[in-house]
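This report walks through selected side-chain and helix features of one protein model. Please keep the coordinates open while reading.

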Amino acid sequence: MSYLTYVIEAIYLTASILFILGLKGLSHPDTARRGMILAALGMAAAVIGTLFNPQVVSYQWILIGLVAGSAIGVPMARVAMTAMPQRTALSHAFGALAASLVGVAEYVIHGSHLGGFKMGALGFEVMLGSLTTTGSIIAALKLQEWMRGTPIQFKGQNFVNLLLALSIVGFFIAWLIKPEMPLLFFAMVGCGLVFGVLLVIPIGAADMPVVMSLLNSYAGLASAATGFVLSNNVLIIAGTLDGFSGFILSILMCRAMNRSITNVLFGGFGAVVAQDTTAAGGVMREVSADDVAVQLAYANRVVFIPGYGLATAQAQHAVRELGDILEERGVAVKYAIHPVAGRMPGHMNVLLAEANVPYSSLYEMEQINPEMPSTDVVVVIGANDVVNPDARDNPKSLIAGMPIIEADRARSVVVLKRGKGKGFSGLENPLFFKAVTGMLYGDAKSSLTSLVQAVQKL
């Protein structure tokens, strides 16, 4: 090995260590920013190491790629925090597309001369990359509301999905046996692209956190396979870290929603939530901002529970302002975070962090539930399923067994909601009909702003 080779390997090793440290930093909000910086430095080191590689025969296309990527990446980096889920989905799509294109290029250039192991890795890379590309695009369209967020189903959908999955595997095996037949290879790619669409369309927008995590896992595993094809150690390490951490997160989130990971893998997750099995009934009690302001101002403990409604209304700064005013009056304020609230893992954490809500004020579901009976007022902002007591009390409910934030055990509940609809899941929430619950209708940001003004007058 030449001196330059040792240098490149040392740079790759440094990049890999930075990736590991970055992932470790992301395990806690206090160290998340540092973790992101370390991961970014790791990526910079990996790029620099690659540019030093003597196998690079032309920097012209690399320069073109850098300019094109920057032209796309800079506007994407400037999107509002409320649009972060769809931006993340597009990032998954671009990463998976890059892995797929590398695989296609390697096959076109080298044909059947790659060797058995690399051919297998290349097929795996292209399969996962193609379905992740289209699946992530569909997820982004749903999150951006350019496509309806409710499940899209058709007769025989499960059969079609199974047939497509078997076709992909069949083409893959046939191609490994006859690698000199490009028709088999591109048929596998085409089926993968179609399968990605059909995998995500039956999933409701309310169930996107697990889907986002799973797509992230697929993109990471595709990158790891790319590393085996290119004999690039840093790609193998980074892709494996991304793939398996995303898969573990998907399993944990499924447990948090009492869902089966097998349903997610086969595209059935969230497809049944359009039904309503709850026996909730009665009348929702509407309250005014002035009434709620009195409750909040003279409470000892207040807990805010954010949901997707907080994101759509871009109300994170308003809730922080209200929380600050209450704390100035001596009220103990906490923010309860459900693991699957929002449209991507950690969505509520990201929004509240943008509004500079202290990490010490954020409490996970397991931490906050024991405090609910001693909480004076719980304010639910645009959340539905994560506070639905049917998950705990109604064994026939479609969300039966799903752990929830037990808002109904508090002394008083105020729900900020745009209207009397059932939300994305299609399930009625008995919490909204309880005697302790008051409904404050309207845009969450406007309602919170009205509460700020009303509390200040007291």
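Helices here are DSSP runs of H or I with at least four residues, numbered from the N terminus. By that numbering, Leu97 is found in helix H4. The model is predicted, and local features are reported only where pLDDT is at least 70.

**Nonpolar patch**

Leu97 counts as partly exposed, because its relative accessibility is 34% and the partly exposed class runs between 20% and 50%. Leu97 also belongs to a nonpolar surface patch of about 420 Å². The other members are Ile72, Leu90, Phe94 and Leu101. Which helix gives the largest share of this patch? Helix H4, residues 84–110, supplies 4 residues. An α-helix has 3.6 residues a turn, so residues three or four places apart point the same way.

**Helix H9**

Helix H9 covers residues 233–256, 24 residues in total. At 1.5 Å a residue, H9 should span 34 Å. The C-alpha atoms at its ends are 34 Å apart, so the expected and computed spans agree. The N-terminal end of H9 is capped by Asn232. A side-chain oxygen of Asn232 lies 3.2 Å from the backbone nitrogen of Val234. Val234 is itself one of the buried residues of H9. The buried set also includes Ile236, Met253, Cys254 and Ala256. Three glycines, Gly239, Gly243 and Gly246, are buried too, as is Ser250.

**Salt bridges**

Side chains of opposite charge can pair when their charged atoms come close. The count for this model comes to 7 salt bridges. Three of these pairs are tabulated below, with the N to O distance.

| Nitrogen side | Oxygen side | N to O distance |
|---|---|---|
| Arg320 | Asp324 | 2.8 Å |
| Lys334 | Glu371 | 2.6 Å |
| Arg392 | Asp393 | 2.8 Å |

Take the pair within one helix. Arg320 and Asp324 both lie in helix H13, residues 316–328. They sit 4 residues apart, about one turn of the helix. Asp324 is partly exposed, because its relative accessible area is 26%.

Next, the pair between separate elements. Lys334 and Glu371 form a salt bridge at 2.6 Å. Lys334 lies in strand E2, residues 332–337, and Glu371 in the loop between helix H15 (365–368) and strand E4 (377–381), so the bridge ties together parts that are 37 residues apart in sequence. The Lys334 and Glu371 side chains also register as a polar contact, at 2.6 Å. Is Glu371 buried or partly exposed? Glu371 counts as partly exposed, because its relative accessibility is 21%. Glu371 and Ser450 are 79 residues apart along the chain, and their C-alpha atoms are separated by 27 Å.

Last, the pair in a network. Arg392 and Asp393 meet in a salt bridge of 2.8 Å. Arg392 has 28% relative accessibility, so Arg392 counts as partly exposed. Asp393 is partly exposed as well, with a relative accessible area of 48%. Salt bridges with shared partners join Arg392 and Asp393 to Glu406, Asp408 and Arg409 in one network.

**A buried lysine**

Lys142 is placed in helix H5, residues 116–143. Is Lys142 buried or exposed? Lys142 counts as buried, because its relative accessibility is 2%. What is Lys142 in contact with, leaving aside neighbours within four places in sequence? Its contacts include Met147, Arg148, Gly149, Thr150 and Ile152. Val200, Ile201, Ile203 and Met208 are also in contact with Lys142.

Notes. Residues numbered from 1 in each chain as written. Predicted model: local features only at pLDDT ≥ 70, side-chain atom pairs only at ≥ 80, totals over all residues. Heavy atoms only, no water. Patch = residues over 30% accessible without salt bridge, like charges linked within 9 Å, V, L, I, M, F, W, Y side chains within 5 Å. Areas by Shrake-Rupley, 256 points an atom, 1.4 Å probe, with all protein chains shown as cover. Salt bridge = Lys/Arg side-chain N within 4 Å of Asp/Glu carboxyl O. Helix = DSSP H or I, 4+ residues; strand = E, 2+ residues; numbered from the N terminus. Buried < 20%, exposed > 50% of the residue type's maximum accessible area, 1.4 Å probe, protein only. Expected span 1.5 Å × (residues − 1). Polar contact = N/O pair within 3.5 Å; in protein donor to acceptor, adjacent residues only side chain to side chain. Contact = heavy atoms within 4.5 Å.
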